[in-house]
Amino acid sequence: MPNPRKVVIIGAGAVGSTFGYTLMQSGLAREIVLIDIDKERAQGEAMDLNHGLFFAPPVDIRAGDYDECADAALIVITAGAKQNPGESRLDLVQRNVKICKQIVAEITARTSDTVIIMVTNPVDVLTYVAQEISGWPQNRIIGSGTVLDSARFRYLLSSHCRVDPRNVHAYVIGEHGDSEVACWSMTHIAGVPMRQFCRLTCKRQCSDEERAGIFDEVRDSAYHVIESKGATYYGVSMALERITGAILRDENSVLTVSLRADGHYDLEGVCLSLPAVVNQTGIHRIITADLTHAEQEALRRSANVLKDIIDRIEL
Ligand SMILES: NC(=O)c1ccc[n+]([C@@H]2O[C@H](COP(=O)([O-])OP(=O)(O)OC[C@H]3O[C@@H](n4cnc5c(N)ncnc54)[C@H](O)[C@@H]3O)[C@@H](O)[C@H]2O)c1
(Lines give C-alpha, C1' and ligand atoms only; values in the text may rest on other atoms or scores of the structure.)
Protein backbone atom coordinates (compact mmCIF):
# COMPACT_ATOMS: atom_id res chain seq x y z
CA MET A 1 0.00 0.00 0.00
CA PRO A 2 1.68 3.30 -1.07
CA ASN A 3 2.31 5.98 1.50
CA PRO A 4 0.17 8.77 -0.03
CA ARG A 5 2.71 11.52 0.72
CA LYS A 6 5.97 9.76 -0.11
CA VAL A 7 7.94 10.98 -3.14
CA VAL A 8 11.10 9.27 -4.39
CA ILE A 9 13.40 11.33 -6.63
CA ILE A 10 15.82 9.29 -8.72
CA GLY A 11 18.75 11.44 -9.81
CA ALA A 12 20.00 13.99 -7.28
CA GLY A 13 21.72 16.27 -9.78
CA ALA A 14 20.74 19.85 -10.59
CA VAL A 15 17.11 19.05 -11.48
CA GLY A 16 16.51 16.33 -8.85
CA SER A 17 17.95 18.29 -5.93
CA THR A 18 16.27 21.56 -6.96
CA PHE A 19 12.97 19.72 -7.22
CA GLY A 20 13.65 18.33 -3.70
CA TYR A 21 14.16 21.91 -2.51
CA THR A 22 10.95 23.12 -4.18
CA LEU A 23 8.98 20.14 -2.93
CA MET A 24 10.14 20.46 0.69
CA GLN A 25 8.85 24.03 0.80
CA SER A 26 5.50 23.12 -0.75
CA GLY A 27 4.28 20.93 2.12
CA LEU A 28 3.00 18.40 -0.44
CA ALA A 29 5.21 15.49 0.70
CA ARG A 30 5.78 14.03 4.17
CA GLU A 31 8.73 11.92 2.98
CA ILE A 32 11.25 12.75 0.23
CA VAL A 33 13.90 10.19 -0.71
CA LEU A 34 16.83 10.97 -3.03
CA ILE A 35 18.45 8.11 -4.96
CA ASP A 36 21.52 8.57 -7.14
CA ILE A 37 24.21 6.32 -8.58
CA ASP A 38 26.53 8.79 -6.85
CA LYS A 39 25.48 7.95 -3.28
CA GLU A 40 27.66 10.61 -1.74
CA ARG A 41 26.00 13.27 -3.88
CA ALA A 42 22.52 12.11 -2.77
CA GLN A 43 23.62 12.13 0.87
CA GLY A 44 25.12 15.60 0.55
CA GLU A 45 21.98 16.99 -1.07
CA ALA A 46 19.74 15.40 1.59
CA MET A 47 21.95 16.85 4.35
CA ASP A 48 21.86 20.32 2.79
CA LEU A 49 18.06 20.20 2.39
CA ASN A 50 17.63 19.00 5.98
CA HIS A 51 19.48 22.08 7.19
CA GLY A 52 16.57 24.15 5.87
CA LEU A 53 13.92 22.10 7.69
CA PHE A 54 13.58 24.64 10.49
CA PHE A 55 12.10 26.99 7.86
CA ALA A 56 9.86 24.48 6.07
CA PRO A 57 6.72 22.41 6.70
CA PRO A 58 7.46 19.06 8.41
CA VAL A 59 9.00 16.53 6.02
CA ASP A 60 11.45 13.64 6.36
CA ILE A 61 14.25 13.97 3.75
CA ARG A 62 16.89 11.27 3.26
CA ALA A 63 19.14 9.57 0.72
CA GLY A 64 18.15 5.97 0.06
CA ASP A 65 18.16 3.01 -2.29
CA TYR A 66 15.61 1.41 -4.61
CA ASP A 67 13.83 -0.42 -1.74
CA GLU A 68 12.37 3.01 -0.91
CA CYS A 69 10.26 2.74 -4.09
CA ALA A 70 8.15 -0.08 -2.60
CA ASP A 71 5.68 2.26 -0.84
CA ALA A 72 6.16 5.51 -2.80
CA ALA A 73 3.06 7.33 -4.04
CA LEU A 74 5.14 9.03 -6.72
CA ILE A 75 8.54 8.39 -8.31
CA VAL A 76 10.21 11.18 -10.27
CA ILE A 77 13.07 10.20 -12.59
CA THR A 78 15.64 12.92 -13.28
CA ALA A 79 18.70 10.66 -13.55
CA GLY A 80 20.85 10.62 -16.61
CA ALA A 81 23.07 12.65 -18.81
CA LYS A 82 22.07 16.23 -19.61
CA GLN A 83 22.32 18.34 -22.77
CA ASN A 84 25.75 19.77 -23.50
CA PRO A 85 25.78 23.28 -25.01
CA GLY A 86 24.57 23.03 -28.62
CA GLU A 87 23.35 19.45 -28.17
CA SER A 88 19.66 18.75 -28.88
CA ARG A 89 17.52 16.74 -26.48
CA LEU A 90 17.32 13.97 -29.06
CA ASP A 91 21.12 13.66 -29.20
CA LEU A 92 20.93 12.40 -25.64
CA VAL A 93 18.76 9.47 -26.56
CA GLN A 94 21.17 6.54 -26.69
CA ARG A 95 22.87 7.42 -23.41
CA ASN A 96 19.65 7.93 -21.52
CA VAL A 97 17.60 5.01 -22.89
CA LYS A 98 20.12 2.64 -21.27
CA ILE A 99 19.92 4.42 -17.90
CA CYS A 100 16.12 4.58 -18.11
CA LYS A 101 15.82 0.83 -18.70
CA GLN A 102 18.03 0.04 -15.67
CA ILE A 103 16.08 2.37 -13.39
CA VAL A 104 12.64 1.17 -14.50
CA ALA A 105 13.73 -2.45 -13.93
CA GLU A 106 14.78 -1.53 -10.36
CA ILE A 107 11.43 0.16 -9.72
CA THR A 108 9.21 -2.57 -11.17
CA ALA A 109 11.06 -5.21 -9.12
CA ARG A 110 9.71 -3.44 -6.01
CA THR A 111 6.31 -1.92 -6.84
CA SER A 112 3.57 -1.89 -9.42
CA ASP A 113 1.37 0.50 -7.51
CA THR A 114 2.68 4.02 -8.03
CA VAL A 115 2.84 6.86 -10.55
CA ILE A 116 6.09 7.66 -12.35
CA ILE A 117 6.99 11.07 -13.77
CA MET A 118 9.82 10.94 -16.32
CA VAL A 119 11.87 14.12 -16.54
CA THR A 120 15.14 12.95 -18.10
CA ASN A 121 15.51 13.98 -21.75
CA PRO A 122 14.49 13.22 -24.40
CA VAL A 123 11.51 13.03 -22.09
CA ASP A 124 8.88 11.87 -24.62
CA VAL A 125 11.04 9.00 -25.89
CA LEU A 126 11.97 7.93 -22.35
CA THR A 127 8.34 8.05 -21.21
CA TYR A 128 7.57 5.66 -24.08
CA VAL A 129 10.54 3.43 -23.11
CA ALA A 130 9.44 3.34 -19.45
CA GLN A 131 5.89 2.38 -20.45
CA GLU A 132 7.16 -0.42 -22.69
CA ILE A 133 9.68 -1.78 -20.16
CA SER A 134 7.30 -1.70 -17.21
CA GLY A 135 4.19 -3.07 -18.92
CA TRP A 136 2.19 -0.95 -16.43
CA PRO A 137 -1.06 0.83 -17.39
CA GLN A 138 0.11 3.72 -19.53
CA ASN A 139 -1.82 6.33 -17.56
CA ARG A 140 0.55 5.77 -14.59
CA ILE A 141 3.77 6.61 -16.44
CA ILE A 142 3.81 10.19 -17.63
CA GLY A 143 6.46 12.67 -18.71
CA SER A 144 6.90 16.25 -17.53
CA GLY A 145 6.46 16.99 -21.24
CA THR A 146 5.66 20.57 -22.20
CA VAL A 147 4.39 21.72 -18.78
CA LEU A 148 7.54 23.86 -18.58
CA ASP A 149 7.23 25.04 -22.20
CA SER A 150 3.58 26.02 -21.60
CA ALA A 151 4.72 27.98 -18.52
CA ARG A 152 7.41 29.73 -20.59
CA PHE A 153 4.78 30.51 -23.25
CA ARG A 154 2.43 31.97 -20.64
CA TYR A 155 5.23 34.02 -19.10
CA LEU A 156 6.21 35.56 -22.46
CA LEU A 157 2.58 36.21 -23.43
CA SER A 158 1.99 37.79 -20.03
CA SER A 159 4.95 40.16 -20.58
CA HIS A 160 3.70 40.94 -24.08
CA CYS A 161 0.16 41.69 -22.85
CA ARG A 162 1.20 43.07 -19.43
CA VAL A 163 -1.03 40.78 -17.41
CA ASP A 164 -0.38 38.28 -14.65
CA PRO A 165 0.80 34.93 -16.17
CA ARG A 166 -1.91 33.22 -14.09
CA ASN A 167 -4.55 34.94 -16.24
CA VAL A 168 -3.01 33.63 -19.46
CA HIS A 169 -4.21 30.28 -20.79
CA ALA A 170 -1.92 28.87 -23.43
CA TYR A 171 -0.57 25.46 -24.33
CA VAL A 172 2.49 24.08 -26.03
CA ILE A 173 1.91 20.54 -27.28
CA GLY A 174 3.83 17.81 -29.10
CA GLU A 175 7.49 17.06 -28.45
CA HIS A 176 9.27 18.72 -25.52
CA GLY A 177 11.86 19.95 -27.99
CA ASP A 178 12.53 21.48 -31.35
CA SER A 179 9.32 20.30 -33.07
CA GLU A 180 6.94 21.46 -30.31
CA VAL A 181 3.76 23.28 -31.33
CA ALA A 182 2.18 26.48 -29.96
CA CYS A 183 -1.61 26.19 -29.84
CA TRP A 184 -2.44 29.78 -30.74
CA SER A 185 -6.05 28.78 -31.41
CA MET A 186 -6.50 27.83 -27.72
CA THR A 187 -4.72 30.93 -26.32
CA HIS A 188 -6.85 33.31 -24.30
CA ILE A 189 -6.50 35.87 -21.55
CA ALA A 190 -9.23 35.89 -18.92
CA GLY A 191 -11.54 34.18 -21.42
CA VAL A 192 -10.80 36.68 -24.21
CA PRO A 193 -9.10 35.17 -27.29
CA MET A 194 -5.54 36.48 -27.64
CA ARG A 195 -6.07 38.41 -30.91
CA GLN A 196 -9.18 40.09 -29.51
CA PHE A 197 -7.34 40.94 -26.26
CA CYS A 198 -4.55 42.68 -28.20
CA ARG A 199 -7.10 44.60 -30.27
CA LEU A 200 -8.94 45.70 -27.14
CA THR A 201 -5.93 46.69 -25.05
CA CYS A 202 -3.32 47.87 -27.58
CA LYS A 203 -5.79 49.02 -30.23
CA ARG A 204 -4.00 46.84 -32.75
CA GLN A 205 -3.66 43.17 -33.54
CA CYS A 206 -0.26 41.63 -32.85
CA SER A 207 1.50 40.68 -36.07
CA ASP A 208 2.42 37.18 -37.24
CA GLU A 209 6.09 38.20 -36.79
CA GLU A 210 5.49 39.14 -33.16
CA ARG A 211 3.75 35.83 -32.51
CA ALA A 212 6.50 33.88 -34.26
CA GLY A 213 9.11 35.75 -32.18
CA ILE A 214 7.36 34.83 -28.93
CA PHE A 215 7.16 31.17 -29.88
CA ASP A 216 10.78 31.04 -31.11
CA GLU A 217 11.82 32.29 -27.69
CA VAL A 218 9.72 29.63 -25.94
CA ARG A 219 11.12 26.82 -28.09
CA ASP A 220 14.74 27.96 -27.76
CA SER A 221 14.59 28.90 -24.05
CA ALA A 222 16.46 25.82 -22.85
CA TYR A 223 19.29 26.44 -25.33
CA HIS A 224 19.67 30.05 -24.12
CA VAL A 225 19.67 29.07 -20.42
CA ILE A 226 22.11 26.20 -20.99
CA GLU A 227 24.45 28.47 -22.96
CA SER A 228 24.36 31.03 -20.13
CA LYS A 229 24.58 28.86 -17.01
CA GLY A 230 25.07 25.24 -18.10
CA ALA A 231 21.71 23.76 -17.07
CA THR A 232 18.05 24.57 -16.44
CA TYR A 233 16.55 23.59 -13.11
CA TYR A 234 14.40 26.25 -11.41
CA GLY A 235 11.56 26.42 -13.94
CA VAL A 236 11.39 22.65 -14.40
CA SER A 237 11.37 22.12 -10.63
CA MET A 238 8.36 24.38 -10.23
CA ALA A 239 6.65 22.58 -13.11
CA LEU A 240 7.35 19.28 -11.33
CA GLU A 241 5.90 20.62 -8.10
CA ARG A 242 2.74 21.55 -10.02
CA ILE A 243 2.41 18.04 -11.51
CA THR A 244 3.18 16.48 -8.11
CA GLY A 245 0.40 18.53 -6.51
CA ALA A 246 -2.07 17.41 -9.18
CA ILE A 247 -1.20 13.77 -8.43
CA LEU A 248 -0.83 13.72 -4.63
CA ARG A 249 -3.85 15.98 -4.07
CA ASP A 250 -5.95 14.26 -6.75
CA GLU A 251 -6.62 17.66 -8.32
CA ASN A 252 -7.91 16.85 -11.82
CA SER A 253 -5.67 19.65 -13.11
CA VAL A 254 -5.26 20.20 -16.84
CA LEU A 255 -1.56 19.97 -17.67
CA THR A 256 0.38 19.35 -20.89
CA VAL A 257 2.19 16.24 -19.68
CA SER A 258 3.73 13.68 -22.01
CA LEU A 259 1.39 10.72 -22.52
CA ARG A 260 0.71 7.87 -24.91
CA ALA A 261 -1.51 9.00 -27.78
CA ASP A 262 -4.13 6.38 -28.51
CA GLY A 263 -5.89 7.62 -31.64
CA HIS A 264 -6.02 11.23 -30.41
CA TYR A 265 -5.63 13.47 -33.47
CA ASP A 266 -5.10 10.16 -35.35
CA LEU A 267 -1.80 9.62 -33.51
CA GLU A 268 -0.66 6.43 -31.87
CA GLY A 269 2.48 4.52 -30.90
CA VAL A 270 4.12 7.66 -29.54
CA CYS A 271 4.32 9.68 -26.32
CA LEU A 272 3.96 13.45 -26.62
CA SER A 273 2.28 16.26 -24.77
CA LEU A 274 -1.41 17.03 -25.02
CA PRO A 275 -3.57 18.80 -22.44
CA ALA A 276 -4.76 16.14 -19.99
CA VAL A 277 -6.65 15.90 -16.73
CA VAL A 278 -4.09 14.75 -14.15
CA ASN A 279 -5.02 13.22 -10.78
CA GLN A 280 -3.85 10.46 -8.41
CA THR A 281 -4.22 7.88 -11.20
CA GLY A 282 -1.80 9.84 -13.42
CA ILE A 283 -3.62 10.64 -16.67
CA HIS A 284 -7.35 10.64 -16.04
CA ARG A 285 -8.48 11.96 -19.42
CA ILE A 286 -6.89 13.44 -22.54
CA ILE A 287 -8.45 16.65 -23.87
CA THR A 288 -8.70 17.05 -27.63
CA ALA A 289 -9.76 20.51 -28.76
CA ASP A 290 -10.53 21.76 -32.26
CA LEU A 291 -7.03 22.66 -33.44
CA THR A 292 -6.57 24.50 -36.72
CA HIS A 293 -5.45 22.50 -39.75
CA ALA A 294 -1.95 24.03 -39.48
CA GLU A 295 -1.69 23.10 -35.79
CA GLN A 296 -2.79 19.53 -36.48
CA GLU A 297 -0.23 19.25 -39.27
CA ALA A 298 2.52 20.60 -37.00
CA LEU A 299 1.48 18.12 -34.30
CA ARG A 300 1.64 15.26 -36.80
CA ARG A 301 5.15 16.35 -37.86
CA SER A 302 6.21 16.51 -34.22
CA ALA A 303 4.87 12.99 -33.62
CA ASN A 304 6.78 11.76 -36.68
CA VAL A 305 10.03 13.21 -35.33
CA LEU A 306 9.52 11.21 -32.14
CA LYS A 307 8.40 8.06 -33.96
CA ASP A 308 11.58 8.12 -36.05
CA ILE A 309 13.64 8.08 -32.85
CA ILE A 310 11.51 5.38 -31.25
CA ASP A 311 11.94 3.21 -34.35
CA ARG A 312 15.73 3.48 -34.01
CA ILE A 313 16.11 2.62 -30.32
CA GLU A 314 16.55 -0.88 -28.96
CA LEU A 315 14.10 -1.81 -26.26
N1 LIG B 1 11.88 17.55 -19.00
C2 LIG B 1 12.32 18.76 -18.71
O3 LIG B 1 11.57 19.75 -18.78
C4 LIG B 1 13.77 18.92 -18.30
C5 LIG B 1 14.27 20.19 -17.91
C6 LIG B 1 15.61 20.27 -17.50
C7 LIG B 1 16.42 19.14 -17.53
N8 LIG B 1 15.88 17.95 -17.95
C9 LIG B 1 16.69 16.73 -18.01
O10 LIG B 1 16.86 16.20 -16.70
C11 LIG B 1 18.01 15.37 -16.70
C12 LIG B 1 18.88 15.72 -15.51
O13 LIG B 1 19.45 17.02 -15.66
P14 LIG B 1 20.42 17.61 -14.55
O15 LIG B 1 20.73 18.99 -14.96
O16 LIG B 1 19.86 17.33 -13.20
O17 LIG B 1 21.70 16.67 -14.75
P18 LIG B 1 22.84 16.36 -13.67
O19 LIG B 1 23.99 15.83 -14.44
O20 LIG B 1 23.04 17.53 -12.78
O21 LIG B 1 22.20 15.18 -12.78
C22 LIG B 1 21.97 13.90 -13.25
C23 LIG B 1 22.14 12.96 -12.08
O24 LIG B 1 21.80 11.64 -12.54
C25 LIG B 1 22.66 10.75 -11.86
N26 LIG B 1 22.69 9.47 -12.56
C27 LIG B 1 23.27 9.16 -13.73
N28 LIG B 1 23.06 7.87 -14.03
C29 LIG B 1 22.31 7.35 -13.04
C30 LIG B 1 21.76 6.07 -12.78
N31 LIG B 1 21.95 5.04 -13.62
N32 LIG B 1 21.05 5.89 -11.65
C33 LIG B 1 20.87 6.91 -10.77
N34 LIG B 1 21.36 8.13 -10.96
C35 LIG B 1 22.07 8.36 -12.08
C36 LIG B 1 24.01 11.47 -11.84
O37 LIG B 1 24.88 10.94 -10.84
C38 LIG B 1 23.56 12.91 -11.55
O39 LIG B 1 23.57 13.21 -10.16
C40 LIG B 1 18.70 15.58 -18.06
O41 LIG B 1 18.38 14.53 -18.94
C42 LIG B 1 18.09 16.89 -18.55
O43 LIG B 1 18.14 17.01 -19.96
C44 LIG B 1 14.60 17.82 -18.31
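These exercises work through the ligand site, ring pairs and unusual backbone geometry of a predicted model.

**Exercise 1. Ligand contacts**

Find which residues come nearest to the ligand, and which polar atoms face it.

Solution.
- Step 1. Start with the shell. There are 25 residues around the ligand, and Ala14, Val15, Asp36, Ala81 and Asn121 come nearest.
- Step 2. Check the backbone. A polar backbone atom of Ala14 is 2.9 Å from a ligand oxygen. For Val15, the distance from a polar backbone atom to a ligand oxygen is 2.8 Å.
- Step 3. Check the side chains. Ser144 places a polar side-chain atom 3.1 Å from a nitrogen of the ligand.
- Step 4. Look at cover. On its own the ligand has 860 Å² of accessible area, and the protein covers 88% of that.

**Exercise 2. Make-up of the shell**

Determine which elements give two or more residues to the shell around the ligand, and how the shell residues divide by type.

Solution.
- Step 1. Assign the elements. Helix H1 (14-26) and helix H3 (93-108) each give two or more residues.
- Step 2. Rank them. H3 gives the most, with 4 residues.
- Step 3. Sort by type. The shell holds 12 nonpolar, 10 polar and 3 charged residues.

**Exercise 3. Aromatic pairs**

Classify the ring pairs Phe153–Trp184 and Tyr233–Tyr234 by geometry.

Solution.
- Step 1. Count. The whole structure contains 3 aromatic pairs.
- Step 2. Take Phe153 and Trp184. Their ring centres are 5.1 Å apart. Their planes meet at 85 degrees, so the pair is edge-to-face.
- Step 3. Place this pair. Phe153 sits in helix H5 (residues 147-161), and Trp184 in the loop between strand S9 (181-182) and strand S10 (188-189). The two residues are 31 residues apart, and the pair links distant parts of the chain.
- Step 4. Check burial. Phe153 and Trp184 are both buried.
- Step 5. Take Tyr233 and Tyr234. The centres are 4.9 Å apart and the planes are at 65 degrees. The cut-off for edge-to-face is over 60 degrees, so this angle qualifies. Tyr234 is exposed, at 53% relative accessible area.

**Exercise 4. Charges over rings**

Identify what sits over the rings of Tyr171 and Tyr233.

Solution.
- Step 1. Tyr171 has the charged end of Arg154 over its ring, 5.3 Å from the centre.
- Step 2. Tyr233 has the charged end of Lys229 over its ring, 4.0 Å from the centre.
- Step 3. Link back to Exercise 3. Tyr233 also forms the edge-to-face pair with Tyr234.

**Exercise 5. Unusual backbone geometry**

Explain what stands out in the backbone at Pro122, Asn252 and Asp266.

Solution.
- Step 1. Set the baseline. Most residues other than glycine have a negative phi, and most peptide bonds are trans.
- Step 2. Inspect the bond from Asn121 to Pro122. This peptide bond is cis, with omega near 0 degrees. Pro122 lies in the loop between strand S5 (115-118) and helix H4 (123-134). Asn121 is also among the residues that come nearest to the ligand.
- Step 3. Inspect Asn252. Its phi is positive, about 55 degrees, although the residue is not a glycine. Asn252 is in the loop between helix H8 (234-248) and strand S12 (253-255). At 42% relative accessibility, Asn252 is partly exposed.
- Step 4. Inspect Asp266. Its phi is near 60 degrees, again positive in a residue other than glycine. Asp266 belongs to the loop between strand S13 (258-262) and strand S14 (268-273). Its relative accessibility is 75%, so Asp266 counts as exposed.

Note on methods:
Residues are numbered from 1 along each chain as its sequence is written. This is a predicted model: local features need pLDDT of at least 70, side-chain atom pairs count only at pLDDT 80 or more; totals for chains, interfaces and linings use all residues. Side-chain values use heavy atoms; hydrogens and water are left out. A residue is near a molecule or strand if one of its heavy atoms lies within 4 Å of it. A polar contact is a pair of N or O atoms within 3.5 Å; within protein, one must be able to donate a hydrogen and the other to accept it, and residues adjacent in sequence count only if both atoms are side-chain atoms. Accessible areas come from the Shrake-Rupley method with a 1.4 Å probe; for residues, only the protein chains shown count as cover. Ala, Val, Leu, Ile, Met, Phe, Trp, Tyr, Cys and Pro count as nonpolar, Asp, Glu, Lys and Arg as charged, and the others, Gly among them, as polar. Rings of Phe, Tyr and Trp (its six-membered ring) pair if their centres lie within 6.5 Å; planes under 30 degrees apart count as stacked, over 60 as edge-to-face and the rest as tilted. Buried means under 20% relative accessible area, exposed over 50%, partly exposed in between (1.4 Å probe, protein chains only). A charge sits over a ring if NZ of Lys or CZ of Arg is within 6 Å of the ring centre and within 35 degrees of the ring normal.
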